[in-house]
Amino acid sequence: MNPVSALKRIYNQSYSKRPILTLCITNCVLGGLSDCLAQSITYYEYHHSEGGKRQPDIMDNRLPENIRSHQDLYPEPAIYEFSRTARFALYNFSIAPVVGTWYMTLDRYFPMPPATAKATDQVFFAPLGLAIFFTVMGLAESGKWEGVQEKFRDAFKPALMANYTVWPLVQLINFKFMPLQYRLPFVSALGILWNAYLSWINNASKEEEKMIELQKSAHQ
């Protein structure tokens, strides 16, 4: 048996016995990988590009200007920030029951054509999912509601607009071709780059607010 078939068999057996726990662990691992990717690219770009860039060229027009205005003043990125990956992995573990239940509910109680399911997901769950993400990250990083407000002010709208350029097609494929047990892993696997983007925009928002606070303190 080849490794892919073996992994599929193990996953299906686990999902049949403990569907939510299986989704949680899968989402946690893929979420951690995405932040690891984002941090690795950030560190590489900083040390191997002219001017110490913090994201690849493709991200330049995808991170809003308001959270890049003080980018040149950011401190040198750490080789690796394990606490950041832990936050991201824990968030993905915790959100998996919500997303998994959403897919199960749509499949069980509201069977609909794939295009309609995709539209329903994007209209209702996409904004909610991003709102939960920035709320959790704002509280985890700052411990204050002001941190949440900063995330929404700086990052929520551009992230939602970016979502609508990426996910409608992905979700159409997901609802049309993926069995229920594979929908969240499919989204999470393809979403490694998306989660890396969320990691970049979330961290850029945090660094930008630090610079603003430092400038305020310097002028007091």
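Arg87 and Glu81 form a salt bridge in which the closest N and O atoms are 3.9 Å apart, and this pair is a convenient place to enter the structure, which is a predicted model. Side chains of opposite charge can pair when their charged atoms come close. With the limit for a salt bridge set at 4 Å between a side-chain nitrogen of Lys or Arg and a carboxyl oxygen of Asp or Glu, the separation of 3.9 Å between Arg87 and Glu81 falls within it. Arg87 has a relative accessibility of 21% and therefore counts as partly exposed, and Glu81 is likewise partly exposed because its relative accessible area is 25%.

The count of salt bridges in the model comes to 5, and two others deserve a closer look. In one of them, the side chains of Lys151 and Glu141 meet with an N to O distance of 2.8 Å. This pair links distant parts of the chain, since Lys151 belongs to helix α5, residues 145–177, while Glu141 belongs to helix α4, residues 114–142, with the two positions 10 residues apart in the numbering. Lys151 has a relative accessibility of 3%, so this residue counts as buried, whereas Glu141, at 23%, counts as partly exposed.

The other pair joins Arg153 to Asp154, with the closest N and O atoms 3.6 Å apart. Here Arg153 counts as exposed because its relative accessibility is 52%, while Asp154 counts as buried because its value is 6%.

From charged pairs we turn to a nonpolar part of the surface. Leu21, Ile25, Val29, Leu33, Leu90 and Phe93 form a nonpolar patch there, and together these residues have about 520 Å² of accessible area. The elements that contribute two or more residues to the patch are α2, residues 19–48, and α3, residues 82–109, and α2 gives the most, with 4 residues. Val29, one of the patch residues, is placed in helix α2, and its relative accessibility of 47% is why Val29 counts as partly exposed.

The next feature is an open one, the second largest pocket, which holds about 300 Å³ of space. Its lining consists of Val4, Leu7, Lys8, Ile10, Tyr11, Thr26, Tyr182, Pro185 and Phe186. At least two of these residues come from each of α1, residues 3–17, and α6, residues 180–190, and α1 gives the most to the lining, with 5 residues. Sorted by class, the pocket lining has 7 nonpolar residues, 1 polar residue and 1 charged residue.

Finally, the model also contains enclosed space. A search of the whole structure finds 4 cavities of 30 Å³ or more, and the largest cavity has a volume of about 480 Å³. This cavity is lined by 25 residues, of which Val99, Phe125, Val187, Trp194 and Asn195 are the closest to its centre. The elements that give two or more residues to the lining of the largest cavity are α3, α4, α5, α6 and α7, the last of these spanning residues 192–218. By class, the lining of the largest cavity divides into 15 nonpolar, 9 polar and 1 charged residues.

Several helices thus recur in this account: α3 contributes to the nonpolar patch and also to the lining of the largest cavity, while α6 supplies residues to the second largest pocket and to the lining of the largest cavity.

Note on methods. Residues numbered from 1 in each chain as written. Predicted model: local features only at pLDDT ≥ 70, side-chain atom pairs only at ≥ 80, totals over all residues. Heavy atoms only, no water. Patch = residues over 30% accessible without salt bridge, like charges linked within 9 Å, V, L, I, M, F, W, Y side chains within 5 Å. Areas by Shrake-Rupley, 256 points an atom, 1.4 Å probe, with all protein chains shown as cover. Buried < 20%, exposed > 50% of the residue type's maximum accessible area, 1.4 Å probe, protein only. 1 Å grid on protein atoms, 1.4 Å probe; cavity = no way out; pocket = protein on both sides within 12 Å on 5 of 7 lines; lining within 4 Å. Points joined across faces, edges and corners; volume = space filled by probe spheres on them. Nonpolar A, V, L, I, M, F, W, Y, C, P; charged D, E, K, R; others polar.
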